[in-house]
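Good morning, and thank you for joining this group meeting. Please look at the sequence and the structure as they appear, and keep them in view while I speak.

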Amino acid sequence: MESVTSLLESIADVGRDGQRGGYSRPVFSTAELDLRGWFIEQAGRRGLDVETDRNGIIWAWWGEPQRGALVTGSHLDSVPGGGAFDGPLGVASALAAVDVLKERGVQPNRPLAVTVFPEEEGSRFGVACLGSRLLAGAIDPDKARNLRDEHGTSFADAARANGLDPAHFGRDDEALARIGDFIELHVEQGRGLGEDGPAIAVGSSILGHGRWRISVAGQGNHAGTTLMADRADPMVAAAQIILAVQQIAAKQPDARATVGRIQPVPGGTNVIASRVDLWLDARHPDDAVTAQLVETIHGKAQKIAAFEGCSVSLTEESYSGTVHFDPALQRQLENALPGAPVLATGAGHDAGVLAARVPSGMLFVKNPSGISHSPEEYVEPWDADAGAAALADVLEALL
Ligand code: HGY
Ligand code: MN
Ligand code: MN
Ligand code: MN
């Protein structure tokens with residue numbers, strides 16, 4: 001088996017982010033396209049037959065594509081300045097697990113496919129798990145086609161420029177029928193395993209999570225000629241709203257709420273902004289609590305905006321309810337990995353989207369600090385190889 005670490009080292013220079021380190025590999029960027037090429041080449045080396053489906057998902061087949069296959073995979077795109085493991089670890093481990101199965105002389109009783117899903121992070125077009133949502137019919141294809149990146153390029157145009165026909169986007173029952181079971185191996189994001197825990201955990205559920213755009217409108221004006229008493233400054237309102245998000249979520253056990261992105265319009269140093277857009281990411285195990293949390297935040301934002309002479313609007317951009325993985329499949333994973341802890345995750349995954357349509361499960365590999373969506377994300381080489389071996393054990397038990 002080629003070690004997972006050496007597989008990841010072979011892409012270690014692809015899409016490095018100069019600003020904060022880590023990797024920036026947005027979908028259809030040169031970096032992500034290079035990684036797709038790397039995957040296709042690695043799959044070919046293992047004798048897997050590669051095809052890209054109408055939603056841009058790559059499938060690498062061991063055996064004839066047919067209903068009820070065993071499928072494992074993850075994503076290669078990243079958040080801006082993301083870690084080396086979020087996504088690629090699952091893909092590299094699947095390739096290494098194929099090596100192990102072949103070395104063991106395993107003769108699959110059903111086809112096995114390794115998949116790569118596009119735009120899992122939603123970093124370029126704003127909706128996470130876009131590829132798996134299209135496959136599963138979890139997003140209106142028209143909405144997907146018209147998603148735009150920060151330069152105004154639509155997902156349809158970007159996809160078309162990369163050989164896809166956006167007119168064919170959408171739920172693909174034939175492809176879904178091919179997935180008898182789906183397993184995603186992923187770097188752990190959080191400290192469930194911690195520094196001293198075992199290398200591998202089995203996933204149980206994914207917290208419901210969504211993204212909302214909060215737009216604060218004020219009065220654009222001159223920074224030098226507008227007296228402080230005469231201002232309706234949306235940046236001042238936005239700053240208080242961001243603080244309120246933290247204060248409201250901190251009071252709700254198990255809630256997570258983040259404003260990771262803020263965009264003043266026009267964003268000039270000597271300009272009082274006309275508008276400020278901020279994006280809220282809110283999550284909780286109970287969907288009703290998330291809804292309540294967002295409503296409380298919206299109400300507080302309206303009060304803050306009014307006090308600052310501004311107005312505010314909140315628009316939901318995407319929401320995925322809490323997902324519990326298939327219990328029977330989860331038991332099979334636990335049986336194949338005796339003693340592995342069972343963990344819920346606060347991170348969204350393609351496996352979570354697919355869980356609505358096919359039996360899905362996850363494995364997590366220890367990340368000692370738990371830090372993710374950051375250059376400090378890390379997996380020890382021996383844990384990465386333990387992950388691939390565990391995935392191979394699971395696949396062998398299911399093949
Ligand atoms: O945002 C998430 O939870 C995932 O990493 N896309
Ligand atoms: Mn991921
Ligand atoms: Mn991620
Ligand atoms: Mn994922």
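Sorted by class, the shell around ligand 1 consists of one nonpolar residue, two polar residues and three charged residues. This is a predicted model, and every value that I quote has been computed from it. The residues that surround ligand 1 are E120, E121, R283, A347, G348 and H373.

Which atoms of ligand 1 lie at short distances from E121, G348 and H373? Let us take these residues in turn. For E121, a polar side-chain atom is found 3.0 Å from a nitrogen atom of ligand 1. For G348, a polar backbone atom is 2.7 Å from an oxygen atom of the ligand. For H373, a polar side-chain atom lies 3.1 Å from an oxygen atom of ligand 1. Ligand 1 on its own would expose 210 Å², and the protein buries 96% of that area.

Two of the residues just named, E121 and H373, appear again when we turn to the metal ions. The manganese ion that is ligand 3 is coordinated by D86 through OD, by E121 through two OE entries, and by H373 through NE2, at 2.0 to 2.8 Å. Along the sequence, the donor residues of this ion, ligand 3, are spaced D-x34-E-x251-H. The pair D86 and E121 links distant parts of the chain: D86 sits in the loop between β3 (69-75) and α3 (88-103), while E121 sits in the loop between β4 (112-117) and α4 (130-136), 35 residues apart.

Which protein residues act as donors to the other manganese ion, ligand 2? They are H75 (NE2), D86 (OD) and H186 (NE2), at 2.1 to 2.2 Å from the ion. The spacing of the donors of ligand 2 along the chain is H-x10-D-x99-H. The manganese ions, ligand 2 and ligand 3, are 3.4 Å apart, and D86 coordinates both. H75 belongs to strand β3 and D86 to the loop between β3 and α3, so this pair ties together parts that are 11 residues apart in sequence.

I now move to the second largest pocket. Its space amounts to about 270 Å³. The lining has 17 residues, and those closest to the centre of the pocket are L8, Y23, A84, F85 and Y378. By class, the lining of this pocket comprises 11 nonpolar, three polar and three charged residues. Helices α1 (4-9) and α12 (381-398) each contribute at least two residues to the lining. Which element supplies the largest share of the lining of the second largest pocket? It is α1, with three residues.

Finally, I would draw your attention to two details of the backbone. The peptide bond from V265 to P266 is cis, with omega near 10°. P266 is located in the loop between β9 (256-265) and β10 (271-272). The other detail concerns C129, which has a positive phi of about 55° although it is not a glycine. C129 lies in the loop between β4 and α4, and E121, a donor to the manganese ion that is ligand 3, is placed in the loop between β4 and α4 as well.

Thank you for your attention.

Note on methods
Residues are numbered from 1 along each chain as its sequence is written. Chains are lettered from A and ligands numbered from 1 in the order in which they are written. This is a predicted model: local features need pLDDT of at least 70, side-chain atom pairs count only at pLDDT 80 or more; totals for chains, interfaces and linings use all residues. Side-chain values use heavy atoms; hydrogens and water are left out. A residue is near a molecule or strand if one of its heavy atoms lies within 4 Å of it. A polar contact is a pair of N or O atoms within 3.5 Å; within protein, one must be able to donate a hydrogen and the other to accept it, and residues adjacent in sequence count only if both atoms are side-chain atoms. Accessible areas come from the Shrake-Rupley method with a 1.4 Å probe; for residues, only the protein chains shown count as cover. Ala, Val, Leu, Ile, Met, Phe, Trp, Tyr, Cys and Pro count as nonpolar, Asp, Glu, Lys and Arg as charged, and the others, Gly among them, as polar. On a 1 Å grid over the protein atoms alone, a cavity is a set of points where a 1.4 Å probe fits but cannot get out, and a pocket is an open set with protein on both sides within 12 Å along at least five of seven lines; lining residues have an atom within 4 Å of a point. Grid points are joined across faces, edges and corners, and a volume is the space filled by probe spheres set on the points. Helices (H or I, at least four residues) and strands (E, at least two) are DSSP runs, numbered from the N terminus. Donors are N, O and S atoms within 2.8 Å of the metal (3.2 Å for Na, K and Ca); water is not among the atoms, so sites may look incomplete.
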